[in-house]
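Here's a quick briefing to read alongside the structure. Have the sequence open as you go through the bullets.

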Amino acid sequence: MQIAEGQERSRVVLMPCDSYEEETVYQALKTGVEALGGMGTLVGPEEKVLLKPNLVRKAKLSRAVVTHPAVMGAAARLLREAGVRKIMAGDSCGVGQATAAAAAVGMDVVLERYRVPLVDFAGMGEVPYEKGVQAKSFFVSREVMEADAIVNVCKMKTHALERITGAVKNMYGCIHGLHKAKGHTVYPNADSFARMLADLNRFLKPRLYIMDGIVAMEGNGPTSGDPVPMNVLLMSRDPVALDSVFCRLINLKPELVPTNYQGEKLGLGVWQEERVELVLATDGGAVGISTAEAVKRFGKADFDVDRRRVRSGSWVRMARFFRIFQKKPYVDRGKCVKCGVCVESCPVEGKALSFQNGRKEPPVYDYKKCIRCFCCQEMCPHKAIKVR
């Protein structure tokens, strides 16, 4: 694709970082922010800034399920150094409370050093968004609406529905409580869900997106996959461009990710390589780097992620109608402890999976009801639900 004369490209900053040692992470993020013009160009000292991590659910830090505390702490420190007085952090978990998920990994302790309170998002009611293409309103949390600026601090992970979860997807945590699950019934496929996420990002307009990719998650993400070192941090003001760089580093075509493809169509950002300016930021300064060189130095070609193309045509539409040859979740009976989290997280009225004989056996799916949202797989704390 030829870039029109004068048309700006979206800058994505890549910061090599092979350790979660706090000073190392801080110095890496500092070079990245400087490559974007400095924190002072992104937020003002009198603005109320919200840090939005990925706290999908309580998990051990070593599993790479949540944003690492060192990355959150470095972001808070940079905001303080820019003179920002009002900072808070929060999320709405899929299961449990954000405060509990943060405490489990020590994020609360790190944020306390910078006087940043972390809260569970509270409900506010339905907020209209007339410019929405897929979504005309959102049940956004009160703390999100009260913030003047949002800094999205996401995690580099795979995702059963959208292939990856990164900058664009992380903003779904701004939806309050039960409305997150209900959203999957309103937007029941990957494309409609991606368009809704693009609308949500367009509505909330985060000022900055930071991706924790020092240790990422591959395989059965976003909570049951395997940690894998990628040794990078990524940063941008364009979430689609940032996610597209993530894709290229793991040998995944960016256009196969619905949040990239739909996000660009809705004007959220760009994914084409020609429209992304990739910058390498180190303690020696910031320099441009080609995608090929970045992939050679920091990529992982065998990263475990779904790279299959989605077919189209009348035969496939018929297959979807009859619900055959589709990805679907299933229970690994050897790992299931019959905790019931999957049943509770199912957003379908009447539930698409249930216990048939008390809790003597694992839950059973009714695939006629299942909408393939994979909430059950996402929320399972024991890696007992997989997708085939």
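## How far to trust the model

This is a predicted model, and its pLDDT averages 93 over the chain, with 94% of the residues scoring at least 70. The start of the chain is another story: over residues 1-6 the pLDDT is below 50, and this stretch has 5 contacts in the model beyond near neighbours in sequence. Where pLDDT is low, the predicted coordinates shouldn't be read in detail.

**Helix 8 against helix 10**

- Helix 8 (residues 190-204) packs on helix 10 (residues 258-265) at an angle of about 55°, and their axes are 8 Å apart.
- Angles that fall outside the parallel, antiparallel and perpendicular ranges count as oblique, so helix 8 is oblique to helix 10.
- The crossing here is right-handed.
- On the helix 8 side, the contact is made by A190, D191, A194, R195, L197 and A198, while helix 10 brings P258, T259, Q262 and G263.
- Sort the residues of this contact by character and you get 5 nonpolar, 3 polar and 2 charged.

**Helix 9 against helix 10**

- Helix 10 also packs with helix 9 (residues 239-249), this time at an angle of about 150° and with the axes 10 Å apart.
- Anything over 145 degrees counts as roughly antiparallel, so that's the label for helix 9 relative to helix 10.
- Helix 9 and helix 10 cross in a left-handed way.
- V240, D243, S244 and C247 are the helix 9 residues that meet T259, N260, G263 and E264 of helix 10.
- This contact splits into 2 nonpolar, 4 polar and 2 charged residues.
- T259 and G263 turn up in the contact with helix 8 and again in the one with helix 9.

**Aromatic pairs**

- Counting rings whose centres lie within 6.5 Å, the model has 6 aromatic pairs.
- One of them is Y129 with F203, a tilted pair at 5.0 Å centre to centre with 35° between the planes.
- Y129 sits in the loop between strand 5 (127-128) and strand 6 (137-138) and F203 is in helix 8, so the pair ties together parts that are 74 residues apart in sequence.

**Backbone oddities**

- Check the peptide bond between G221 and P222: it's cis, with omega about 15°.
- P222 belongs to the loop between strand 9 (208-218) and strand 10 (226-236).
- K205 isn't a glycine, yet it has a positive phi of about 50°.
- You'll find K205 in the loop between helix 8 and strand 9.

Methods:
Residues are numbered from 1 along each chain as its sequence is written. This is a predicted model: local features need pLDDT of at least 70, side-chain atom pairs count only at pLDDT 80 or more; totals for chains, interfaces and linings use all residues. Side-chain values use heavy atoms; hydrogens and water are left out. Axes are lines fitted to C-alpha atoms, for helices over the stretch in contact, and angles run from 0 to 180 degrees between N-to-C directions. Helices (H or I, at least four residues) and strands (E, at least two) are DSSP runs, numbered from the N terminus. Angles under 35 degrees count as roughly parallel, over 145 as roughly antiparallel, 65 to 115 as roughly perpendicular and the rest as oblique. A crossing is left-handed if the near helix is turned anticlockwise from the far one by less than a right angle, and right-handed if clockwise. Contact means heavy atoms within 4.5 Å. Ala, Val, Leu, Ile, Met, Phe, Trp, Tyr, Cys and Pro count as nonpolar, Asp, Glu, Lys and Arg as charged, and the others, Gly among them, as polar. pLDDT is the predictor's confidence in each residue, from 0 to 100. Rings of Phe, Tyr and Trp (its six-membered ring) pair if their centres lie within 6.5 Å; planes under 30 degrees apart count as stacked, over 60 as edge-to-face and the rest as tilted.
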